[in-house]
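Please open the model in the viewer and keep the selection panel at hand. The stops below are to be taken in turn.

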Amino acid sequence: MSNKDMMPQFALFQPSDIENALELLEKYGENGWLVAGGQDSFDWFKDRAKRPEAVIDLGGIAELTGVRETPDGIEIGAMTTLTEISNNTTIKSQYGLLSEAAGRVASPQIRNAGTIGGNVSQDARCWYYRSGLDCYRAGGNTCYADTPEGMNREHCLFGASRCVAVSPSDTAAAMVALDASMVIRSSAAERVVPAEEFFIGPDVNITRMTVVEAGDILTAIRIPAKWAKAEFYFEKVADRNTWDFPLVNVACSKIVNGGVIEDIRIACAGVECVPKRMTVVEDIVRGSNQDEETAELGGGSASRGASPLNYNHFKIPLMENLVKRAIRGNSSNGTVPVQQ
Amino acid sequence: MAYKHIGKNFTPPDVRAKVTGKAKYSEDFRAEGMLFIKLLTSPMPNARVRNIDSSAALKMEGVVDILTAEDVPAMPVPQTQILTNNPKFVGDPILAIAAVDETTASNALEAIIIEYEPLPFVIDPLQSLYPGGVDAHDDGNVTQRMQPTQRIKWTARDFAAVGEDELPRGEPRDQWEYGDVDAGFESAAVVLDETFVVAGHSHHSMEPRSSFAYWENGKCYLHASSQSHTFNVPGFAAYVGIEPENMILIAEYCGGGFGSKGTAYPIASLSAHMSKKTGRPCMLRITRAEEYYLGSRRNGFQGNVKLAFRDDGKLIAADMYVVQQSGANDGFPDYMNAGGALSLVYTPEAMRWKGIPVATNTPITGAQRGPGQNQLACVMEPLMDKAAKELGVDRLVIREINATNNDSKYADKRIPVSSAYLREAIRNGAERFNWEEKKKQSGQRNGTKVTGIGVGQAFHPAGATGFDGLVSITPDGKVHVHTGVGNLGTYSYASTSRISAEVLGCSWENVVIERGDSRRNLPWNLGQFGSNTSFTMTRTNYVGAMDAKMKLLEIAAMDLGGIAEDYDVGGDKVFSKADPTQNLTLAQAAQRAIELGGKYDGHEMNEDMHAITKASVTALAGTALVGAAKDTLPSEGMAIALASAFMKIELDTETGKYEILEYVGTADCGTVVHPQGLEHQIRGGGVMGIGMAGLERIVYDPQNGLPANVGFHQSKPPSYLDVPAEMDVGYVDKPDPSNPVGARGIGEPLLGCAASALLSAISDALGGVYFNRTPVVPDMIINALADRPQSYKTLQMSNQ
């Protein structure tokens, strides 16, 4: 049961450069564990549900932190804290969607410790899985949430495949809407993966949420200049206004010219195991006037194909409304679109 | 009456330690050679432990000892056990390991092999009432506090007689009736017939109930997290298995209890048992998850209420049935309290009430701030709105016409009240809120947002009599107010001590409050629960101080001539009324008292006091002028606390989220003893009410009995951003005739008035959607707005 509240012992390594961290990862393989801000890891350790032999703390690697301007946008070190991202002047002025999303994660204390790399890499928050049950994701052969009696209010509308957990991240949806790419290093090579491919569903691999494998380190996130100073919209609906995961959130980047939406990327978290990019909505909206009719049409299409579970069909109208608001982009509802 | 201390703000003496972190709670204590304990708790909601193999664990280095159910006293079933071989809920403690540190103890727990026999379990009370339904306990399914378990099953016909969305009305455990209920329904202008559910939320005490214990000379020194002090000494002693005089309880600070630490609880004794077995000081730090298992929760309700209204809004008859989810122990009589509250707050001319408390294999339940009364407020206030709407009566008018007053009576026994000014509280709040203007804003649209205006009311009994006051004056001239009431966090231990200074005419700076540790010679006082302290402790401190005052006057007469009546107290002196220059300082009088001995310095005392008080007086004897007396002051009727609340919200029709823009809470609690303390209570109760009505989560998995909320972030008590930045407060401030300063308690209804005002505001914003369910959370609001069916079944206990 998840009440142990006492970490088992492990060897702690605090490398000061990536090469050293990669060596340690290679040495310990499956028994090594990377810690960024620790906000997900420590829960697992305290519950004694994950018992790595070696914990590699990335906190001392200077090159993993900070925001750098590049010829094609910006690059954010994976160990940059969520607080730094929500306060960074470049991100706020150019890619306000991300600062807004980062600023809505959890609570101020968690944002001070939690990192952007950790936030997009966090594990599923399904309460059954986190209770330490032997579900599919934990290597067992059942799902407790997707049953006639499962308590699945927070679970998915789309993409169920034995597991019905959702992407719990606020920044992940923003990454997809910003067309970000993830820089992943291993001792063999560096690869750059688009955000949309970075997050994976249970149909691809049921035991992890991203393409990052043992031996890999997510080192940076790149955001292309194409979406700099676009019109952004981020909104998160959660039970509480802080320290809560989204029931549904929406992240949207739009390029609007003369009242016409020239281009758009839009994604929701809390509805699928990955941040759900809504290409159908984008196709409907692209080239249309930014008006209520377009918003209604786009919003109404957002939930197409949804397969609700017993307790989560409210996410259908909620998602539709959030998408509508994102397309509308104005604040008849009092929610201020992200300022440039 | 003009008071020097009563009704004035002051800084309670423990504030500084709390805000600077110097205050020591149970888990902050350390001792040479101490051991740390970890618990092994049940992974199953109902099971029998067949075998425990701890051999490998006990061989591990640093592991010292183990306790199992055989090593500790067994409590009468269905009371909560200290340790058990028959766990009745997920999280029920089975054994404990003591080791040199917690890591070692945790490692040892993993080396223990337990063979369980899983047993059928039940989460939903109605399923246990089905013919052939599972009983939570081996000997039955109906539990009542301190009573033996019963087995009650409803008939298949009871269930078949109503649809799945209605409460069957099978055999109750308890019932009462007064007036002609049926006649009331026949003559009604409007009848409501409503089935409801109220969730039983956790207490979320900030300080987990950690304990630290050691033994010296046959006495047990127990550091425990406790709302109450001397009242809990016999209880903790019983769990340890010793006489109360051998229990030294140290409980100076309590990091939140909300009812769950009002009386003694079993797990605190575990450190004492382990310390006795090992001969070493032992610490049991309770984890946050364990606090959710063992820290108890409010009793949930499934129920039905029928209400008959006259055309002017008067409630003429009520008929209520409450099925209570009592958890795996003997619970608390919330279901009874709900019936009593309906009869008193809404004053129906005739009423019938039935109830049944059903045990479930869910974590233990207990009293939580307004146990029963606040569930009732959540049920009734939206229905008062619904009735007002159907009758075309103003929502304030329907409350005023039914409001309890000095002539109102409680339940079937028709118990009178000492005083009641609910109508005045409503008017006070309505004026502060500007009801007449605000009600016009109801339903106003602003983009996607709509305004909702809510009003709520709540009640709780608020006082008791018959406890002992103890005041000593030492030869240094200090006045010591000995208070055994406890320190649950409202500072009422301090504010009610001020009456002693009032009676003795001394400055507050000259008063020392003796509290928090049995060695400080504390009297027998009621615990800090049931909103009673302001009433009870002003009475007891009054009689203790009056006894000291009489002795001062007598000593002055002896030394300075004349009779006691010639003298008075004031300015830290006892002086001649005719010639104030003829006086004794308190220091001089105390010295004389010691010289005189006998009743003056505690060598003799009144026989009617409790043994604990007598022991304290005996310990003080010869060191001070001792004033000690049992509260036998007259008291007529039940002392009660009443509260009303007003709320304005703006609800977004696209997201189901709302913002609370304004809150006004008003209290009727007699004379206000400590304005700042009362204001904090009104605001704090308001925050807790917002949590109960709108946010908090309590989910059990029907498949395996697992609770989903075992941490703050899963349970969702309100955050700073979920409550209004400013909350306005008001109070009636009319003295109660049964208290020497006119004070009554208040703590509990301040939650219920806010919770019900929020429910009322949400329903108002939605144009009259009454969920008959608490809490109301965003998915319910979204489904209502989208005209979609709700996901839960009408009578389902947990859905969020």
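Begin with chain A of this predicted model. Among its contacts with a separation of 6 or more, 65% link residues that stand 24 or more positions apart. Shown as a cartoon, the chain comprises 13 helices and twelve strands. Its radius of gyration is 20 Å, close to the 20 Å expected from the globule rule for 340 residues, so chain A is as compact as a globular protein of that length. Along the principal axes, its C-alpha atoms occupy a box of roughly 60 × 50 × 35 Å. Of the 340 residues, 57% count as buried.

**First stop: a helix pair in chain A**

Select residues 170–177 of chain A, which form helix α9. Is this helix buried or exposed? Eight of its eight residues are buried, so α9(A) is largely enclosed by the rest of the structure. The buried set consists of A:Asp170, A:Thr171, A:Ala172, A:Ala173, A:Ala174, A:Met175, A:Val176 and A:Ala177. Past the helix, step on to A:Asp179, where phi is positive, near 55°.

Now add residues 96–103 of chain A, helix α5. The axes of α5(A) and α9(A) come within 8 Å and cross at roughly 170°. With a crossing angle over 145°, the cut-off for this class, the two helices are therefore roughly antiparallel to each other. To see what joins them, display side chains for A:Leu97, A:Leu98, A:Ala101 and A:Ala102 on α5(A), and for A:Asp170, A:Thr171, A:Ala173, A:Ala174 and A:Ala177 on α9(A). By type, the residues of this contact are seven nonpolar, one polar and one charged.

**Second stop: the contact between the chains**

Show chains A and B together. Chain A brings 33 residues to the contact and chain B brings 42. Which element supplies the largest share on the side of chain A? That element is helix α13, residues 315–328 of chain A, with four residues. Coloured by type, the chain A side divides into twelve nonpolar, 13 polar and eight charged residues.

**Third stop: a sheet in chain B**

Move to chain B and select strands β22, β23 and β24, which make an open sheet in the order β22-β23-β24 with antiparallel pairing. The edges are β22 (567–570) and β24 (583–585), each of which pairs on one side only. From one strand to the next, the twist averages 20°. Between β22(B) and β23(B), residues 573–576, there are four bridges, and the two strands run antiparallel. For one bridge in detail, centre on B:Val569, whose partner in β23(B) is B:Val574.

**Last stop: the helices on the sheet**

Keep the sheet on screen and add helix α17, residues 533–560 of chain B. This helix lies across β22, β23 and β24 of chain B and runs at about 125° to β22(B). Helix α18(B) also packs on the sheet, touching β23 and β24, and its direction makes about 85° with that of β24(B).

Finally, hide the strands and look at the two helices alone. The axes of α17(B) and α18(B), residues 586–596, come within 10 Å and cross at roughly 85°. That angle makes α17(B) roughly perpendicular to α18(B). The residues to select here are B:Lys551, B:Leu552, B:Ile555, B:Ala556 and B:Asp559 of α17(B), with B:Ala589, B:Arg592 and B:Ala593 of α18(B). This contact contains five nonpolar, no polar and three charged residues.

Technical notes: Residues are numbered from 1 along each chain as its sequence is written. Chains are lettered from A and ligands numbered from 1 in the order in which they are written. This is a predicted model: local features need pLDDT of at least 70, side-chain atom pairs count only at pLDDT 80 or more; totals for chains, interfaces and linings use all residues. Two residues are in contact if their C-beta atoms, placed from the backbone, lie within 7 Å. Ala, Val, Leu, Ile, Met, Phe, Trp, Tyr, Cys and Pro count as nonpolar, Asp, Glu, Lys and Arg as charged, and the others, Gly among them, as polar. Axes are lines fitted to C-alpha atoms, for helices over the stretch in contact, and angles run from 0 to 180 degrees between N-to-C directions. Angles under 35 degrees count as roughly parallel, over 145 as roughly antiparallel, 65 to 115 as roughly perpendicular and the rest as oblique. The radius of gyration is taken over C-alpha atoms; the globule rule is 2.2 Å times the number of residues to the power 0.38. A residue is buried if 20 or more other C-beta atoms lie within 10 Å of its own, exposed if 12 or fewer, and partly exposed in between; C-beta atoms are placed from the backbone. Two strands pair if DSSP finds at least two bridges between them.
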